[in-house]
Amino acid sequence: MGEETNTILNGANGGVVRVALVYLYTGLAIFWVLGALGLWMRLSHAGVLPLNFFWYYRIMTLHGTGMIFIMLVATMGAVAAILSARVRLSAGLLWTAYVLNVAGVACVAAGTLGGFAAGWTMLYPLPMLNYAAGWPPWSTFAFMVGNLLAALALLAYSLALLLGLSRKHGSIAAALAWPFLLNGGETRNAEPPALSEIAGTALGLIGLVTVVAGAAALAPMFAQAFGLISSFNVLLEKNFMFLFGHTVANMNIYLAAVLVYDTLPRYAGGRHWQTTRLSALVANVLLITIFLPYPHHLYMDFAQPEAAQAIGIIGSWTGAMLALLVTIFGGLYLIYRSGLRWETPTILILAGLWGWGFGGIGAMIDASTPMNEVFHNTLWVVAHFHTYYLLGAAAVTWGCMYYLITELRGRKESRLSRLAAWLYVIGGSGFALMFFAAGAAGMPRRYAVPVAGTGERGLAAFASLSVVLLGLGLLKLTYDLSAGLGAAWRRTKIAG
Amino acid sequence: MSKASIGFALFVLLSVVWTLIWAFVLVRSGPPTLTYAAVAKRAAAIRVWLFWTFGSVLFVLFVLSVYFFPYRAFAMRRMGRPQLKVEVVGKMWTWEIHPDSIPAHTMVEFDVTAGNINHGFGIYSPAGRLINQVQAMPGYTNQLVTSFDQPGKYTVRCLEYCSLGHHLMVSSFEVTPKKGGK
């Protein structure tokens, strides 16, 4: 059966767009649930809805792990939908990744609700303590299986990207624009690969390496759970865990960048995000630089080799500078004097670029060792990654989702929808800023109670109010998106 | 002004500048009075300038960061050899700190380790500000070299999540006025 064609549907990608919509709506629905749990934690610190520490730490573990995995699902869905207009992606692999990921989140939920509360980075050997730490062994096992399933989902999705992109361009090297780069910016073909496709290929490869890092982190814990080994090196395991965790989180924002490359130009007077030698080179450099910043999580592990700590600084700052100079700066000059259309997706996508920089400033300060001494494991860290997510990857993903639905259903949004997008941004900013202030005052992260003298109680109250603003904005956007789903779904099935 | 306050002030300042840059571009995003090629040409020049400016600033900051590394060899090069050793062991969910009384203006080395899981040895000043920290890891001894100017009670909090009793893992040590000092 053929489908109608438009900017998203090409007559043959209806199946992929449908699975992408399933990714997006599942992501949005679970984002609401986990977001509400996040708000509960802030309300607890504000003294409004106190959680006992048993539940605080369980909810914290569920909120963190679930958000990392489900936000990735949503962004992966949006990327699949956008790329599928030009790239033949395997719907079978995408469905496989979806089922694995949702099963992974279900296992994580079962494990944490069953008592497991070691935090999403579950530093070895804490998860292995089971009853001694306050949870039954089955809940640890369920949580670890959840992580394993999410890693396998990333493997399936990365393969879907790599197969589709290498088929389109003839090889992985061509999809990475190597002929274009090696020929000094010239190509025998009319056009080099689109920047979104080069970055998509790089992220597919990064996904494969990240899965290996995840396997390296999980294998010793499974081996110990099954009694095959009695212990493992704590520092090495910590390195594996942060290499996996930090890279998964980073992949989310870079996948969001893929969305920006293809979506923002549609609102910027028909300009086209060009593949230049610089942008193609930087997308390739990401293959290395994405793995370098993770040691900044281990600055306070003085036993870590000092060279690794230096690499952590260089990697963190280089990554930030490349993102700023290529993607964010590229977005700024793409819209400059462009006749920009101010629509709901524009507001959210531009907020995503601004928020990436806003969170990046906090991250760069923390990535310097002297500052890390007073910010590490305080709410400052929580501030920077919430900014990256809420005002970075998530904002871009919801903006792109809005674009997809309005295009598919063929109807424009209202002024109220644009107001809702602004509410999301303003609420999100207030929320994140309170985390930064609390972190600067020395409030530890992953703490069931506010510490006196840090001002955390008042800051959490203000943060909660900000979340309410954000929630009101997201509620209106969710209403629009829900109202448009039926028509969008049918559009993908219409015979052409 | 504490290091954390300077960090926060810098963050606010840079965030305001960042937002103003966005405001500048957004108010000029409307009428398409310039072709993309013309904008791209100007942007390329600005990008080169930004690259060298940021690159130079970050290089200087990198050198400073390495100079101020908190690790033992770097700390001793800056501050001299420790005159006192304090043994610290983090256990679920208590701290063992020996001795728990330290003279002010004395180079002290905290030898920090942990019983069976990771903890974080976070030192809060008598005014309640986080002033220093180091991880406590089983199987490793992390050496934190520092000194205290201000006498008083310093609170120790666990800064690495260690399950249900994490927030209860609070202890303290005393910094006493140096004999013959003020």
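Domain bounds, as used in this tour, come from an automatic or database domain assignment. For chain B of this predicted model, that assignment gives domain 1, spanning 3-69, and domain 2, spanning 73-176. Select these two ranges separately and colour them apart, and the C-alpha centres of domain 1 and domain 2 of chain B will be found to lie 38 Å from each other.

**Chain A as a whole**

Select chain A next and show it as a cartoon, where the secondary structure amounts to 15 helices and zero strands. With the view turned along the principal axes, the C-alpha atoms of chain A fill a box of roughly 60 × 50 × 45 Å. The radius of gyration of chain A is 22 Å, which agrees with the value near 23 Å that a compact globule of 496 residues would have. Of the 496 residues in chain A, 64% are buried, and among the contacts in this chain between residues at least 6 apart in sequence, 83% join residues at least 24 apart.

**A residue inside chain A**

Now centre the view on A:Y23, which belongs to helix 1 (residues 14-46) of chain A. Is A:Y23 buried or exposed? A:Y23 counts as buried because it has 29 C-beta neighbours inside 10 Å, where the cut-off for a buried residue is 20 or more. Leaving aside residues up to four places away in sequence, select the partners that A:Y23 touches, namely A:V73, A:A74, A:M76, A:G77, A:A80 and A:Y98. For a distance label, draw a line from A:Y23 to A:F116, a pair separated by 93 residues in sequence and by 27 Å in space, C-alpha to C-alpha.

**Where the two chains meet**

Bring chain B back into view and select the residues that face the other chain: 66 residues of chain B are in contact with 62 residues of chain A. On the chain B side, the elements that give two or more residues are helix 1 (3-27), helix 2 (36-67), strand 5 (119-124), strand 6 (130-136) and strand 7 (142-146) of chain B. Which element of chain B gives the largest share of this side? Helix 2 of chain B does, with 13 residues. If the side of chain B that touches chain A is then coloured by class, 38 nonpolar, 21 polar and seven charged residues appear.

**The sheet of four strands in chain B**

Hide chain A and look at the open sheet of chain B, in which four strands follow the order 2-1-4-7 with mixed pairing. Strand 2 (94-98) and strand 7 of chain B are the edge strands, each of them pairing on one side only. Direction ignored, neighbouring strands of this sheet are turned by 20 degrees against each other on average. Within the sheet, select strand 1 (residues 84-91) and strand 2 of chain B, which pair in the antiparallel sense over five bridges; to find the register, show B:E87, which stands opposite B:H98 in strand 2 of chain B.

**Strands 5, 8 and 9 of chain B**

The last stop begins at strand 5 of chain B, which runs antiparallel to strand 8 (residues 152-158) of chain B and is joined to it by four bridges. Show B:Y124 as sticks together with B:T155 in strand 8 of chain B, since these two residues stand opposite each other. From strand 8 of chain B, move on to strand 9 (residues 170-176) of chain B, where six bridges join the two antiparallel strands. The pair to display here is B:R157 and B:V170, the latter in strand 9 of chain B, which stand opposite one another.

Key. Residues numbered from 1 in each chain as written. Chains lettered and ligands numbered in written order. Predicted model: local features only at pLDDT ≥ 70, side-chain atom pairs only at ≥ 80, totals over all residues. Contact = placed C-beta atoms within 7 Å. Nonpolar A, V, L, I, M, F, W, Y, C, P; charged D, E, K, R; others polar. Pairing = 2+ DSSP bridges. Axes fitted to C-alpha atoms, helices over the stretch in contact; angles between N-to-C directions. Rg over C-alpha atoms; globule rule 2.2 N^0.38 Å. Buried ≥ 20, exposed ≤ 12 C-beta atoms within 10 Å, placed from the backbone.
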